[in-house]
Every structure is written in structure tokens, then in C-alpha cells.
Amino acid sequence: MNSEERTHYCGELNRQNLNEEVCLLGWVRRKRDLGSLIFVDLRDRKGIVQLVFSQERNPEEYALAKKLRSEFVIGVKGRVLSRGEKDRNPYLPTGEIEVLVHKIEISSESDTPPFPVEDDAIINEELKLEYRYLDLRRPLQNKRIQERHKLLQLVRNHLSEEGFIEIETPFLTRSTPEGARDFLVPSRLRAGEFYALPQSPQLFKQLCMVAGFDKYFQIVRCFRDEDLRADRQPEFTQIDIEMSFPTEEIIMKMAERLLEKIFKEFSFEATFPVPKISYREAMEKYGTDKPDLRFGIEIKTISEIVKDCSFGVFRSALEKGEVIRAIAAPSQFTVSRKEHSNLEEIVKPFGAKGVIVISRVDGKPSGSPVKHIGEGLADKILNFLEVEERGSALIIAAPYSIACASLSSLRLYIGRKLKLCETSKNSLLWVHRFPAFEWSMEESRWVSCHHPFTMIREEDIPLLEKKPEEVEALAYDIVLNGFEIGGGSIRIHRENLQRKIFKVLGFTEEEAIQKFGFLLKAFKYGTPPHGGIAFGLDRLAMILMGCESIRDVIPFPKTTSGLCLMTSSPSEVDPGQLKELKLKIEKERN
């Protein structure tokens, strides 16, 4: 039996197919031998149906069914019958029917799988990734990949209807390291020279605008050699979109139309149009440029309130030009001694030295810091933060960036612990008006907050040479439930301005020509204003499907250390290949 003979997928059958002759192909999920009858659950990518083998009616098929084990691949032909009232399975879409088999073929047998191919099986993560092809057979995991396909097709159809053209850009390109590390590919034909796998098709999509394709999109694989976590992979997929003659508003509205269509198809509720806040407001209120707004708890600065306080922690921080910032924890969040230790562990990785806690108990300030700062000032702090009865002020004294990161993390911890997100609607937010540059202590130079091709506000161009820290970029991110799901900008389209930006970033004229000469050359030949946005497809799929990790929505993902446990890659290569590429492996010395 083959796919041409298949009449239905297992999950498609129902009472409307009663008495029909059907041909089904799939995997044996489970077998139950009741003597003269054998029942087999057959599974394919659309569901499960019960097969019946009767010793009396079809003895040869019954004998073959005796040999079946879990995960055997079989094909069957039979008649759809109604199950008896007491035998129906209300939890299965096909639970009212069964297929009486009169012909069976065993296509292939199976060893005992290393774990049950069931949704409720508890499976070690590494084992799942080693046998990913079996993990993908599980109905829930299989459905996730099918939902990913649905998302891909929806995006393609929607953008095509809006007049965008899908254009593929090269995977083998030149290395332009500015941000994450490149994956390098040695050239056999030009020994000692390398291609790089693209971190994004940024420059090529800009060149598409130069070429006159005013609406481009691509669902593209990108590669970044960076440290990984639950929502990152070394190779990932993004929905890449670019337009000519746009404004921020035009791109935002286009992106919202796409998201609204996606959310509707996935029954995912969110409010449109999407509100906007500036980067500075996001940092001031939430300590992060990707705030989760499904719950409140805003950060406030109390430096002015405590400026005359003699408390050593406050005085020392303010003398060093640092800030005192705080949040109000609600009454449901009790700060015991153990919980205080948890809070200190949360902020430690960001560089904060500790968390100062002042609570309100019976209308009065409580906690060890009160004896150092006085009840009056403590009460003033609690009132300013609007701390409720049995609530607490969580205070950080540190440089601004450390205080922001620490309090943002504490805010999320409280939100998750009290399950404040679970009772709220999904929250979309645009964050824009980012700074164009930030100072890198490691490199002792200005670096781009987004990338070097981001347009800045026209009124800020005079600030480039003397006050780059005040220059704002025409950049924007869209945030969903605390995850950045997309980001973009208006791009630079004038050669002279692009050269100025390279200069601010510390590029010499020679370096700029060497790395980006082809782009500067293109800008000499009539480049339209352009801009765009890219969505992280894996991260978006993860949120839409309620998964904990993007690995759940990627067919063949890597571990957090970048390994493919299934294929054992990365791996050593044949010495002959290295010789052909004129490469040598230099072993580390102890």
C-alpha cells in the first residue's frame, strides 16, 4: 500500500464515513489482544483511529496483527463501523467509529522506543533531542510543527496580498562582524579566505530597495554564534520585511495588520492598535526595553527623597553619582527572611550589592533599614511608592543601568510568583525612540544600539560628532508579553550620512570601504528612503503555542550549548578535508 491508495488520514474519519471502504497508513500506537479480537490504535499526523482484527472474519489478517508492536509502520484496508454505545471514546475525535480490517501490510518493524511516544510521557530533555524524530511523532509535538507550517503559509499569503515580493538572498556572504559573532565558512577555491553565514539579510534587503523592489519579504534562516538560552538558537528563522518610502507609522501599521491576521487565525487575543512608548519611558518605568505589561508595578526613583539621608548605603551611592530606585511589592508578596535571600540572589548577577526592604505593617514602616533612616523618611518612601498595607518597598542603590536591570528582574519575579500574568490579557507594545549609540567599555568606542545602518533623527545629525549619546535612532521594537518578537528601523540611504555614522563608530575610511564599500557604492546610484522590520518566527510561534522554549517549535533544534545530540554535531572532520581547505587545527596548550 502507498500514498496513492490512502483514502483518508486517521484523524479525519467520523460517523459520516460509516460503511465506507478506507485505506489507512501509519504507526501502531498501541495493541490490545482480547482473544478472538485484537484492537490496534493507528496513528498518523492527523490523529488516531481504532482498528479491529477479527479471528473469525479475517484469520490471516488477525495472525499478522498478532505480530504487531508499538511503532510498527502498517497499511490497512477495511470498513468503517460504528462503535457500540458503551465502547465509544468521548475524548477522541474518532471515538464513535472503528475500522474492521480485511487487509494489512507491515511496511517496517520497530525496536522498542527509548521512551513512550505519548504526550503525557515524562522524557529527559537530552533523550528527546537525541531521538528527535520519535519526539516529533508525539501528537502534541507533531501538531506544533504543523501549526508552524500554518504560520509560515499565513505570513506568505498575507504579505503577497499586500504587494510584497519574496526574494531569496545569499547564505554565503562576507563577514561584517558588528554585534554577535559570525559563523565562518572556509573557501576551498580561495585558500585562506572565508564566507560568513548571515546574521540577517540586512544589507541585501537594502540593496533590493536600491534595485527597485519597493516591497520585499523573505522567511529566512539566520545564524549567530552567540551564547544560547530558552528563546535563542544558533540558527533561527525570521520574517524579514523591507519597504521603500516608508515612515515609522507606515511600517508599524503594516506590521500590526500582519500580527492581527496571525492572532485571529490562532485564536490569540490582543488589542489593536498597539500602544507606543519611548525607550526612555520603558527604562524609567519598567527597567527594560521589553516590558511585560500584563501587570503593573512600576519602578520609581527616590534619589531626591533620600538625598539628605545619612544612611551609609544611600549616601555612598549618591556621592558616586548612582541612583536609588524602587518598586512597590503588593501585599500578597510576603518578604520573609528566606524570600529576601531569594531577591538578593536574583539581583546579584546584574551587579547589585543587595535589596533594601521596607514593609508597611499596621500602617507603620517595618524592617531593619527603618532604624537607620528613621520612621519619618521610611514612611515618606512608602507613601511615594504607594505601598499598601502588608506590602513592601524593594529598593536598589546602584548605577542606573544596574538598578534598572535588577528591579526589572524583581518585577518579573513577583509577577510570575503571584501569577499576575495568567489573569491578564496578552500585551502588545511598541518601544521606539531608542538611542542610536552606546559606549562599549570593552572596546572603548561607540557601538550601534541596533546596527550601523539605522537612520537617526534629522534634527540629531548635528550632534553626531560631539554628543553621540544624545542621538536618537529611527528604530522600533514590538514586544509581546515581555518578549521582543520583532524589531526594525528606517535605514540610512545617503552615502555621506552613512560615512559619518561609520566614523562615529570608530571605522577608518579604509575600514569602511573594505567592509561596506559595495553598499556605499550602491548609495551613489539613486537610493530611495527605506526601512523595515523583522519578526523572530520561532519566538512568535513559541508564544502563540504556549511553549516554554523555542526548541518546542523548531523541528530539529540544538541544545543550549549549540549541540545537535541527534547527529552529534559539531564534529571533527576528515584530515583530507582540512588539507584541501589548507586549514590546520591548533590544539590548545595546557
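**Exercise 1. Charge distribution**

Determine how far apart the mean positions of the positive and negative charges of the protein are in this predicted model.

*Solution.* Step 1: take the two sets of charges, which comprise 87 positive and 91 negative ones. Step 2: compare their mean positions, which are 1 Å apart.

**Exercise 2. Overall dimensions and surface**

State the span of the C-alpha trace and the share of the accessible surface that belongs to carbon and sulfur atoms.

*Solution.* Step 1: along the principal axes, the trace spans about 95 × 75 × 60 Å. Step 2: the accessible surface comes to about 30700 Å². Step 3: carbon and sulfur atoms hold 49% of that surface.

**Exercise 3. Burial and contacts**

Find the percentage of residues that are buried and the part played by residues 24 or more positions apart in the contacts.

*Solution.* Step 1: a residue is buried if its relative accessible area is under 20%. Step 2: of the 590 residues, 48% are buried. Step 3: among contacts with a separation of 6 or more, 68% come from residues 24 or more positions apart.

**Exercise 4. The surroundings of strand β10**

Identify the strands that pair with β10 and establish how many of the residues of β10 are buried.

*Solution.* Step 1: the protein contains 16 helices and 22 strands; β10 covers residues 235-244. Step 2: β10 pairs with β9 (residues 215-223) in the antiparallel sense over 9 bridges, and I219 stands opposite I239 of β10. Step 3: β10 is also joined to β22 (residues 530-536), again antiparallel, by 7 bridges; here D240 stands opposite A534. Step 4: β10 is mostly covered, with 9 of its 10 residues buried.

Terms used
Residues are numbered from 1 along each chain as its sequence is written. This is a predicted model: local features need pLDDT of at least 70, side-chain atom pairs count only at pLDDT 80 or more; totals for chains, interfaces and linings use all residues. Side-chain values use heavy atoms; hydrogens and water are left out. Buried means under 20% relative accessible area, exposed over 50%, partly exposed in between (1.4 Å probe, protein chains only). Helices (H or I, at least four residues) and strands (E, at least two) are DSSP runs, numbered from the N terminus. Two strands pair if DSSP finds at least two bridges between them. Contact means heavy atoms within 4.5 Å. Accessible areas come from the Shrake-Rupley method with a 1.4 Å probe; for residues, only the protein chains shown count as cover. Lys and Arg count as positive and Asp and Glu as negative; His and the chain ends are not counted. The place of a charge is taken as NZ of Lys, CZ of Arg, CG of Asp or CD of Glu.
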